[in-house]
Amino acid sequence: MFGHALLLGAFLFCIGIYGLITSRNMVRALMCLELIFNAVNVNFVTFSNYLDIQKIKGEILSVFVIAVAAAEAAIGSAIVLAIYRNRESIRIDQFNLLKW
């Protein structure tokens with residue numbers, strides 16, 4: 001079961017990295033970043049179940065990762081919405097807001 005859980009985490013991580021690299025849409029990139037965070041959570045819980053005596057440290061770290069991911073999703077969605085209002089596009093390759 002340990003190997004299966006690690007394989008699931010690695011699979012989710014690879015899908016997230018691939019989607020993050022190839023995505024042109026900002027919303028899709030944020031969703032792929034959430035997949036990466038979920039892969040990290042799966043690995044935290046897996047290693048916690050097999051290596052931790054009290055079996056609570058991985059779950060606590062997962063709660064912190066979920067809280068950070070929720071904050072990242074809220075801030076990322078606000079940034080995407082602001083850029084969409086200014087540029088009327090959410091394509092990553094068209095972002096040149098910081099250029100003069």
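**Exercise 1. Place Asn41 in the fold, and decide whether Asn41 is buried or exposed.**

Step 1: Asn41 sits in helix α2, which covers residues 26-51. Helices here are DSSP runs of H or I with at least four residues, strands are runs of E with at least two, and both are numbered from the N terminus. The model is predicted: local features need pLDDT of at least 70, side-chain atom pairs count only at pLDDT 80 or more, and totals for chains, interfaces and linings use all residues. Residues are numbered from 1 along each chain as its sequence is written, and side-chain values use heavy atoms, without hydrogens and water.

Step 2: Asn41 counts as buried because its relative accessibility is 9%. Buried means under 20% relative accessible area, exposed over 50%, and partly exposed in between (1.4 Å probe, protein chains only).

Step 3: Leave out residues up to four places away in sequence; Asn41 then touches Ser62, Val65 and Ile66. A contact means heavy atoms within 4.5 Å.

**Exercise 2. Describe the whole chain.**

Step 1: Count the elements. The chain has three helices and zero strands. Their order along the sequence is α-α-α.

Step 2: Check the dimensions. The radius of gyration is 17 Å, against near 13 Å for a compact globule of 100 residues. That radius is taken over C-alpha atoms, and the globule rule is 2.2 Å times the number of residues to the power 0.38. The C-alpha atoms fill a box of roughly 55 × 25 × 20 Å along the principal axes.

Step 3: Look at burial and contacts. Of the 100 residues, 23% are buried. Among contacts with a separation of 6 or more, 55% join residues 24 or more positions apart.
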